[in-house]
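Good morning, everyone, and thank you for making time for this. I would like to walk you slowly through one chain, beginning with a small detail and working outwards.

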Amino acid sequence: MSFRLSYLADPGNPWFSWQYVRDNSDTILAALREHASLTARAVLIAAVIAVPLAVAATWYRALAGPIVAVTGVLYTIPSLALFAFLAPYLGIGAVTVLSVVVLYALLVIVRNTLAGLNQVPPEVREAAEGMGYGRWGRLLRIELPLAVPGILTGLRLATVSTVALVTVGVVVGRGGLGQLIFAGFQNNFYKAEIMTGTLLCVVLALLLDLILAGVGRLLTPWLARRAS
């Protein structure tokens, strides 16, 4: 997606300008929608991959070390280097951005899901086994529901970090709000453009975090009762 900007530059070059927001509302909303879409898709894909990995690490303890180590190594790779490595194979666009941010989200979700599963009391597992639950039955009916707080913590952390990381996707033409920030530096350091993109990133991260926190309260009503 390409973004065209039209504004009358403020001679004072302020950090925030309502005129810039009014003149470029369509562009800003398009960047915000793209940013939110990339973030949501990336976190969803990462969760679909990371949660089964954490379950496998719980069932087969020998896999726990390698799984955490590999996701940890991926997390340490500089994002620009990873974009440069994947772009020739995946092309310029959303697929490359999603691939990079998913790899970074894996570690956070895997670790927190693994912690949540490991915190399930052994006596609960034994009681479920005594009631006739098999491995899959215990997982779906007992272990995953009790691990929801840990899983949601991982999702919240991954979501906030993904909002920030998506901006780097500007190097392959799909950076969402990063497009605004980068364009601001190109347009003679136009501060209002940079600040608008930055503030919307913060607001988006906070909004998504609040939504996930609300989902967590709905899925774990017993924690709210215990706290009261």
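Please look first at helix 4, residues 79–90, where Phe85 and Tyr89 both sit, 4 residues apart, which is about one turn of the helix. Please keep in mind, as we go, that what you see is a predicted model. The rings of Phe85 and Tyr89 form an aromatic pair with 5.7 Å from centre to centre and 50° between the planes, and this arrangement is classed as tilted. Are these two residues buried or exposed? Phe85 has a relative accessible area of 52%, which is over 50%, so Phe85 counts as exposed. Tyr89 is exposed as well, with a relative accessible area of 65%.

Staying in helix 4, we also find Ser79 there, and this residue is buried, because its relative accessible area of 18% falls under the 20% cut-off. Which residues does Ser79 touch, if we leave out those up to four places away in sequence? The contacts of Ser79 are with Tyr104, Leu165 and Val168.

Tyr104 leads us to another aromatic pair, and the count of such pairs comes to 3. The ring centres of Tyr75 and Tyr104 lie 6.0 Å apart and their planes stand at 70°, which is over 60°, so this pair is edge-to-face. Tyr75 belongs to helix 3, residues 61–76, while Tyr104 belongs to helix 5, so the pair ties together parts of the chain that are 29 residues apart in sequence. How exposed is each partner? Tyr75 is partly exposed, with a relative accessible area of 39%, whereas Tyr104 is buried, with a relative accessible area of 9%.

Now let us turn to helix 5 itself and ask how it packs. In general, two packed helices are described by the angle between their axes and the distance between the axes. Helix 5, residues 94–118, packs with helix 7, residues 135–166, at an angle of about 155°, and their axes are 8 Å apart. Because an angle over 145° counts as roughly antiparallel, helix 5 and helix 7 are described as roughly antiparallel to each other. In the contact of helix 5 with helix 7 there are 14 nonpolar residues, together with 7 polar and 1 charged. The crossing in which helix 5 passes helix 7 is right-handed.

Helix 5 also packs with helix 2, residues 25–59, and here the angle is about 40°, with the axes 6 Å apart. Why is this arrangement of helix 2 and helix 5 called oblique? The angle of about 40° is not under 35°, as roughly parallel would require, and it also lies outside the ranges for roughly perpendicular and roughly antiparallel, so the two helices are oblique to each other. Helix 2 passes helix 5 in a right-handed crossing, and the residues of this contact divide into 24 nonpolar, 3 polar and 1 charged.

Finally, let us step back to the whole chain. How many helices and strands does it have? The chain holds 10 helices and 0 strands, so that, read along the sequence, its pattern is α-α-α-α-α-α-α-α-α-α. Of the 228 residues in the chain, 42% are buried. If we take the contacts between residues at least 6 apart in sequence, 76% of them join residues at least 24 apart.

Technical notes. Residues are numbered from 1 along each chain as its sequence is written. This is a predicted model: local features need pLDDT of at least 70, side-chain atom pairs count only at pLDDT 80 or more; totals for chains, interfaces and linings use all residues. Side-chain values use heavy atoms; hydrogens and water are left out. Axes are lines fitted to C-alpha atoms, for helices over the stretch in contact, and angles run from 0 to 180 degrees between N-to-C directions. Angles under 35 degrees count as roughly parallel, over 145 as roughly antiparallel, 65 to 115 as roughly perpendicular and the rest as oblique. A crossing is left-handed if the near helix is turned anticlockwise from the far one by less than a right angle, and right-handed if clockwise. Ala, Val, Leu, Ile, Met, Phe, Trp, Tyr, Cys and Pro count as nonpolar, Asp, Glu, Lys and Arg as charged, and the others, Gly among them, as polar. Rings of Phe, Tyr and Trp (its six-membered ring) pair if their centres lie within 6.5 Å; planes under 30 degrees apart count as stacked, over 60 as edge-to-face and the rest as tilted. Buried means under 20% relative accessible area, exposed over 50%, partly exposed in between (1.4 Å probe, protein chains only). Contact means heavy atoms within 4.5 Å.
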